[in-house]
Amino acid sequence: NIGYHTSISQIIDFLVYHYNNWGGRVLYFFVECFLLSFGLFPFRFIQSLVITGIFFIIYKIVGEITNHKDWKVALMSISMYGVFEIMLLRGGIFWVTASVLYLFPLLPFLVFIYLYCIKKKDNPLWLIISCLLAFISSFSQEQTSVMVVSFIFMYGLYDLIKIKKINWKNISAFISSLIGFGILMLSPGSRMRMDYSGTGDFYKLSIFEKVKKTLPDIIL
């Protein structure tokens, strides 16, 4: 229980050390440390809300795109949770750190898609909220960050081709996601980890060698 009782200053000290010595995933590590400072039950409660929110937003997105918003779409969206293999749940959702890093960022990203790409409200507050969601989605972990930046870039490119003029809102959202991506990827700790004996050899491989090494593990 001693590990739960940490102050904000202690959490910040840890995150500063982590950013400078191991990696840039400090935003969602802060969420993890802050929630766990109250104990495991409050974390599980918030986690359940996040998971519910993810599938609720999926339902809203599907409903808007297909113009079907009845209970069958809602049931199908929620039931998707039951198709995950138990080992994936154990290593990706029930493991606290993996859940915070890989699952939690999906909620702001999906909310961004719903608000920015589907609802498309034309007011400054909407744009500020959308840019904030883009930032906290990309300032998460590497794979999610690349996904967010790539999605916003491709959406902006599609919009440019469609309307044949620059949409500065798309540029604002893209810049916000790039800022999050930059803070994450440019941490001194990330460069130090690349030289760490346990992982340094992998980072020295070419992109094709990395794919050759990791692809069999992903497939199996």
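This passage looks at one buried serine and at the aromatic residues of a predicted model.

Ser130 makes a handy starting point. This serine sits in helix H8, which runs over residues 124-138. With a relative accessible area of 0%, Ser130 counts as buried, since the cut-off for that label is anything under 20%. Leaving aside residues up to four places away in sequence, Ser130 touches Phe112 and Tyr116. Both of these contacts turn up again in an aromatic cluster, whose members are Phe109, Phe112, Tyr116, Trp126, Phe151 and Tyr155.

Aromatic pairing was then searched for across the whole structure, and twelve pairs came out. Take Phe34 and Phe38: their ring centres are 5.1 Å apart and their planes meet at 80°, so this pair goes down as edge-to-face, the label for planes over 60 degrees apart. As for solvent, Phe34 is partly exposed, at 31% relative accessibility. Its partner Phe38 has a relative accessible area of 56% and is therefore classed as exposed, given that the label applies over 50%.

Phe135 and Phe139 give another aromatic pair, this one tilted, with 5.6 Å from centre to centre and 50° between the planes. Here Phe135 comes out as partly exposed, its relative accessible area being 23%. Phe139, on the other hand, is buried, because its relative accessible area is just 9% and the buried class takes in values under 20%.

Key. Residues numbered from 1 in each chain as written. Predicted model: local features only at pLDDT ≥ 70, side-chain atom pairs only at ≥ 80, totals over all residues. Heavy atoms only, no water. Helix = DSSP H or I, 4+ residues; strand = E, 2+ residues; numbered from the N terminus. Buried < 20%, exposed > 50% of the residue type's maximum accessible area, 1.4 Å probe, protein only. Contact = heavy atoms within 4.5 Å. Phe/Tyr/Trp six-rings, centres within 6.5 Å; stacked < 30°, edge-to-face > 60°.
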